[in-house]
Amino acid sequence: MDEEWYLDNRRLRSFIDTVDEAADEHEEIPALIESLHDPFRELLTDDEWLTEPYDGLVPEGYDDRGEMGGDIAQWLLYRRPEKLTIFSLVLPPGVSTPVHDHLAWGLVGIYSGTQTEEFYRRADDEGAHIGHAELEHIGTEEMERGDFYELVPPNNDIHQVQTSSDVPSVSIHLLGGDVGCIQRHQFDPEADFVEMFQSHYTNVRCERALSPPEEHGPPH
Ligand SMILES: [Fe+2]
């Protein structure tokens with residue numbers, strides 16, 4: 001199996017083993033995700049595994065290969081091409097991501113700092129990839145360390161993240177696809193506008209633009 005470890009330590013390896021064991025036991029994605037709640041929360045509240053630079057903003061002079069904008073760092077930690085990724089997202093105080101989707105199943109939770117999440121859903125037929133798109137705002141969540149939520153497209157798939165703490169916020173994303181390399185969407189809800197977007201990663205430039213997975217399949 002092709003695997004890429006950008007952060008390689010025993011703790012992250014044991015978490016990936018847990019994901020694989022859960023995938024052996026649960027064929028359906030919702031059951032798989034639910035079985036990962038406790039292990040994911042334990043990872044979020046463990047201080048020992050997320051080391052520099054992956055727990056911080058882009059260092060001075062670093063060749064940032066990402067496209068999230070706004071001094072946002074998105075560090076790829078682990079990748080199994082097209083099947084599974086883990087990355088950290090680090091946002092400076094007060095900074096927001098664009099409103100965006102993921103087009104893959106996942107778990108997203110807070111490792112440090114606090115975040116405000118604004119959730120949306122498409123209120124039109126979702127056919128438009130560029131141009132007009134209507135979004136409905138469906139909720140706001142204040143999140144702190146150990147809090148997490150599920151992404152099961154189309155549920156919870158469109159959001160905007162803003163750091164609400166006076167230190168950078170760090171969230172951990174476990175996703176059933178190579179989300180930094182997928183051609184996905186970013187939105188301007190005020191202008192009813194959508195466009196395609198490929199975020200890449202701060203430490204890894206995508207060689208090509210991937211299509212979203214047709215089925216939200218298992219991680220191996
Ligand atoms: Fe996101």
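Which residues does Leu44 touch, not counting residues up to four places away in sequence? In this predicted model, Leu44 touches Gly109, Ile110, Tyr111, Arg145, Gly146, Asp147, Phe148 and Ile172. Let's start from this leucine and work outwards.

**Helix H3 and its buried face**

Leu44 belongs to helix H3, which spans residues 37–44. Its relative accessibility is 0%, so Leu44 counts as buried. Pro39, Phe40 and Leu43 of H3 are buried as well. If you look down the axis of H3, these buried residues fall within an arc of 140°, so they line one face of the helix.

What covers them? The cover over the buried residues of H3 includes helix H1 (10–25), helix H2 (29–35) and the strands E5, E9 and E11. H3 lies across E5, E9 and E11, and runs at about 25° to E5.

**The sheet**

The strands under H3 lead us to the sheet. Here 6 strands form an open sheet in the order E1-E2-E3-E11-E5-E9, with antiparallel pairing. Strand E1 (4–5) and strand E9 (148–151) stand at the edges with a single partner strand each, so one side of each has no neighbour in the sheet. As a reminder, strands of a sheet pair through backbone hydrogen bonds, either parallel or antiparallel.

For a closer look at one pair, take strand E2 (residues 73–80) and strand E3 (residues 84–91). These two run antiparallel and are joined by 7 bridges. You can find one example by eye: Gln74 has Leu89 in E3 as its bridge partner.

**The iron site**

Which residues coordinate the iron ion? They are His100, His102 and His159, each through its NE2 atom, at 2.1 to 2.2 Å. Along the chain, the donors follow the spacing H-x1-H-x56-H. His102 and His159 link distant parts of the chain, being 57 residues apart: His102 sits in the loop between strand E4 (99–100) and strand E5 (106–112), while His159 is in strand E10 (residues 158–163). Both His102 and His159 are buried.

**The disulfide**

The structure holds 1 disulfide. It joins Cys181 to Cys206, with an S to S distance of 2.1 Å. The angle about the S-S bond is -90°, and the link of Cys181 and Cys206 is left-handed. Cys181 lies in the loop between E11 and strand E12 (184–188), and Cys206 in the segment after strand E13 (193–197), so the pair ties together parts that are 25 residues apart in sequence. Both cysteines, Cys181 and Cys206, are buried.

**An exposed residue, and two distances**

Is Asp166 buried or exposed? At 71% relative accessibility, Asp166 counts as exposed. This aspartate is found in the loop between E10 and strand E11 (169–175).

Asp166 and Leu44 each appear in a pair for which you can set the separation along the chain beside the C-alpha to C-alpha distance in space. The table shows both pairs.

| Pair | Apart in sequence | Apart in space, C-alpha to C-alpha |
|---|---|---|
| Leu44 and Ile72 | 28 residues | 20 Å |
| Asp166 and Glu67 | 99 residues | 24 Å |

**Looking back**

Try finding these places in the structure above: the face of H3 lined by its buried residues, the three histidines His100, His102 and His159 at the iron ion, and the disulfide of Cys181 and Cys206.

Conventions. Residues are numbered from 1 along each chain as its sequence is written. This is a predicted model: local features need pLDDT of at least 70, side-chain atom pairs count only at pLDDT 80 or more; totals for chains, interfaces and linings use all residues. Side-chain values use heavy atoms; hydrogens and water are left out. Helices (H or I, at least four residues) and strands (E, at least two) are DSSP runs, numbered from the N terminus. Buried means under 20% relative accessible area, exposed over 50%, partly exposed in between (1.4 Å probe, protein chains only). Contact means heavy atoms within 4.5 Å. Donors are N, O and S atoms within 2.8 Å of the metal (3.2 Å for Na, K and Ca); water is not among the atoms, so sites may look incomplete. Two strands pair if DSSP finds at least two bridges between them. Axes are lines fitted to C-alpha atoms, for helices over the stretch in contact, and angles run from 0 to 180 degrees between N-to-C directions. A disulfide is a pair of cysteine sulfur atoms within 2.5 Å. The arc is that of the directions from the helix axis to the C-beta atoms.
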